[in-house]
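Me: I am new to this structure and would like to know the reasons behind the words people use for it. Could you walk me through them?

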Amino acid sequence: MSMFKAFLIKYAEIGLKGNNRYLFENALCDRIKDALKPLGTFRVFKEQGRVFVECPEDYDYEETVEALKRVFGISSFCPVVTVADTDWESLTKAVGDYVEAMYPDADFTFKVFAKRADKNYPISSPDICGMMGAYLLGRFPNLKVDVHNPEVSLNVEIRTKAYIYSVEIPGPGGMPVGSNGKAMLLLSGGIDSPVAGYMIAKRGVSVDAVYFHAPPYTSERAKQKVIDLAKKISRYAGRMKLFVVNFTDIQLYIYDQCPHDELTIIMRRYMMRIAEHFAKQENCLGLITGESLGQVASQTMQSLAATNEVCTMPVYRPLIAFDKKDIVEIAETIDTYETSIQPYEDCCTIFVAKHPVTKPNLKKIRHSERKLEEKIDELLETALKTVEIIEIE
């Protein structure tokens, strides 16, 4: 694919942003630069409502395509052939050579689409379409024009250079990461929370994450599994911090002092308190969880209300109305599913009651938490001070 020296980047939702559109375009350019930086020196620039990526001589086409597929804000992108000399003879030859290289059999229906961004170019867009079509029919006798449903849409854009393309590769859509603030993800080793992180990042939110580790009840392999999941999320969400909190002593204390049917709710409430502490420290605007309404006992309306009560910042739940099948499909698409189903338990699954309360009474929960007053503040302080922070690139 060495013929492609550039990519045309297309966006959708960003185009609706009115006078603020340039801010989102700039954020998109920054995210593209970040994604491509490990692959070489690419030039990313805007030109008359378009975003282009110019490639170095020795770049890897397949790796570049895969990187662009993970940049939120890109609705689609097109590998393009650039033509510096835009006189008609050079342009027609370049388009014909493109067709010959891309479609060796040259046996299909086509339509030419022309965009003349350079209004000084002496031929109008409709005339470019007609004249280019006639040239291609003469050069390739098996071609046929179909203006309504062509098999190949051949695009020619005239700017400071000419750009030729006919292939459009889907992007992930959404908004550029960082254009909508920052939030803290409660990340476990399960299927749901990595998908929640991916989905909130798709709406332009930068993500950090907190993981609750409970050695020796949870193994180092369980911790590594979460680190691996964070790395997979970061391929879409960019750099992130992973806060690994030692939660063992807090869990054991709750287990000893509180009714066992309330264990999950009370543990979740303390997880939310800790996550919010780090969220405020990192200037986040909310918390993110992978909860789906009614999926388990801790995710009923009453349970979610009980965990929400301890938070002063918003809690975003991107999966709230999703079926498990929907969540699994996304997990498979973003390559987190196989990691999530590895059989290494996290702290949420170790201390689960046989019959957890599904409709917790807030007065009872608060009353149970008063039994923790003797030591819980000290345990929380220790957990906050001993946190391990892992930088995920």
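Me: Which residues does T307 touch, leaving aside those up to four places away in sequence?

Reply: This is a predicted model, and in it T307 touches I265, R268, R269, M272 and R317, not counting residues up to four places away in sequence. A contact here means heavy atoms within 4.5 Å. T307 itself sits in helix α9, residues 301-308.

Me: Why is T307 called buried?

Reply: Buried means under 20% relative accessible area. T307 has a relative accessible area of 1%, so T307 is buried.

Me: What makes K232 and D335 a salt bridge?

Reply: The rule asks for a side-chain nitrogen of Lys or Arg within 4 Å of a carboxyl oxygen of Asp or Glu. For K232 and D335 the N to O distance is 2.8 Å, so the pair meets the rule. The two residues come from distant parts of the chain, 103 residues apart: K232 is in helix α6 (residues 220-237), and D335 is in the loop between α10 (324-333) and α11 (337-340).

Me: Is K232 buried or exposed, and what is D335 called?

Reply: K232 has a relative accessible area of 17%, which is under 20%, so K232 is buried. D335 comes to 36%, which lies between 20% and 50%, so D335 counts as partly exposed.

Me: How do you know that K241 and E282 form a salt bridge?

Reply: Their N to O distance is 3.2 Å, within the 4 Å of the rule, so they qualify. This pair also links distant parts of the chain, 41 residues apart, with K241 in strand β12 (residues 240-246) and E282 in the loop between α8 (263-281) and β13 (287-288). At 12% relative accessibility E282 is buried, whereas K241, at 25%, is partly exposed.

Me: What makes E369 and R273 a salt bridge?

Reply: The closest N and O atoms of E369 and R273 are 3.2 Å apart, and that is within 4 Å, so the name fits. E369 belongs to helix α13 (residues 362-369) and R273 to helix α8, 96 residues apart in the chain. E369 is buried at 8% relative accessibility, and R273 is partly exposed at 26%.

Me: Which residues are linked with E369 and R273 in a network of salt bridges?

Reply: R269, E309 and R366 join R273 and E369 in that network. R269 is also one of the residues that T307 touches.

Me: How many salt bridges does the rule give?

Reply: The count comes to 32 salt bridges.

Me: Why is β12 described as largely enclosed by the rest of the structure?

Reply: Five of the seven residues of β12 are buried, so the strand is largely enclosed by the rest of the structure.

Me: Where does β12 stand in its sheet?

Reply: The open sheet has six strands in the order β14-β13-β10-β11-β12-β15, with mixed pairing. β12 therefore stands between β11 and β15 in that order.

Me: What makes β14 and β15 the edge strands?

Reply: β14 (315-316) and β15 (388-392) each pair on one side only.

Me: How do you know that β11 and β12 pair?

Reply: Pairing needs at least two bridges. β11 (residues 206-213) and β12 have five bridges, in the parallel sense, so they pair. Within these strands, V210 stands opposite F243, and H213 stands opposite N246. Together with α6, these two strands make a right-handed β-α-β unit.

Me: What about β12 and β15: in which sense do they run, parallel or antiparallel?

Reply: β12 and β15 run antiparallel and are joined by five bridges. One of the partnerships is between L242 and I390 in β15.

Me: Why are β2 and β3 said to pair?

Reply: β2 (residues 43-47) and β3 (residues 50-54) share five bridges in the antiparallel sense, and at least two are needed, so they pair. V44 has V53 in β3 as its bridge partner. The two strands form a hairpin with two residues between them, and Q48 in the turn has a positive phi of about 50 degrees.

Me: Which residues does the "domain: THUMP" annotation cover?

Reply: According to an unreviewed UniProt entry, the annotation covers residues 62-169. Over that stretch the chain is 34% helix and 28% strand, and the end C-alpha atoms are 12 Å apart.

Notes: Residues are numbered from 1 along each chain as its sequence is written. This is a predicted model: local features need pLDDT of at least 70, side-chain atom pairs count only at pLDDT 80 or more; totals for chains, interfaces and linings use all residues. Side-chain values use heavy atoms; hydrogens and water are left out. Helices (H or I, at least four residues) and strands (E, at least two) are DSSP runs, numbered from the N terminus. Buried means under 20% relative accessible area, exposed over 50%, partly exposed in between (1.4 Å probe, protein chains only). A crossover is right-handed if, with the strands pointing away from the viewer, the path from the first strand over the helix to the second runs clockwise. UniProt positions are given in the numbering used here, feature names are shortened, and annotations may be inferred rather than shown by experiment.
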